[in-house]
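Biologist: I have the sequence and the structure open side by side. Could you walk me through a few positions?

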Amino acid sequence: MATFKPNVPVVQQDPVVSVDVSAASPLPVGKHTFILTVVDDSGNESDKVSIDIIVQDTDRPTAVLDLVDKSGNIITTPIVAPGASFILSAARSQDATGKIKEYRFTMDPA
């Protein structure tokens, strides 16, 4: 369980983190970007990767920009309800010559 603050990494050894929010402190409606950097046992940092999570209001329109293929099929649709917690996983991260010892999850303030 983690409470995210903009530009403050949540550093842990577990590749899965629960993003905990509450009715008193929800993520605002709209797009929220989460960034992951992993560090291997030699201290090498990966390139950053990110995922956009959409908090969608059920009472009024929320602008959502999806990634689609040539056929118009949505590739990714990360949507969560206001006040809902969700889980981010870095479990597929890997290091070819060592093992990952740290996962740095950061919420982008955009």
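Biologist: Is Phe 34 buried or exposed?

Modeller: Keeping in mind that this is a predicted model, Phe 34 is buried, since its relative accessible area is 3%.

Biologist: And how many aromatic pairs are there?

Modeller: The count comes to one aromatic pair, and it is formed by Phe 4 and Phe 34, which meet edge-to-face with 5.3 Å from centre to centre and 85 degrees between the planes.

Biologist: Which parts does that pair tie together?

Modeller: Phe 4 sits in the segment before strand E1, whereas Phe 34 belongs to strand E3, so the pair links parts that are 30 residues apart in sequence. Phe 4 counts as buried as well, because its relative accessibility is 10%, and the cut-off for buried is under 20%.

Biologist: Switching to Thr 33, where is it?

Modeller: Thr 33 is in strand E3, which covers residues 30-40, and with a relative accessibility of 11% it counts as buried.

Biologist: What does its side chain make a polar contact with?

Modeller: The side chain of Thr 33 is joined to that of Asp 52 by a polar contact of 2.6 Å. Leaving aside residues up to four places away in sequence, Thr 33 touches Ser 50, Ile 51, Asp 52, Thr 106, Met 107 and Asp 108.

Biologist: Last one, which strand is Ile 100 in?

Modeller: Ile 100 lies in strand E9, residues 100-108, and is buried at a relative accessible area of 15%. Its C-alpha is 6.6 Å from that of Val 38, although Ile 100 and Val 38 are 62 residues apart in sequence.

Terms used. Residues numbered from 1 in each chain as written. Predicted model: local features only at pLDDT ≥ 70, side-chain atom pairs only at ≥ 80, totals over all residues. Heavy atoms only, no water. Helix = DSSP H or I, 4+ residues; strand = E, 2+ residues; numbered from the N terminus. Buried < 20%, exposed > 50% of the residue type's maximum accessible area, 1.4 Å probe, protein only. Polar contact = N/O pair within 3.5 Å; in protein donor to acceptor, adjacent residues only side chain to side chain. Contact = heavy atoms within 4.5 Å. Phe/Tyr/Trp six-rings, centres within 6.5 Å; stacked < 30°, edge-to-face > 60°.
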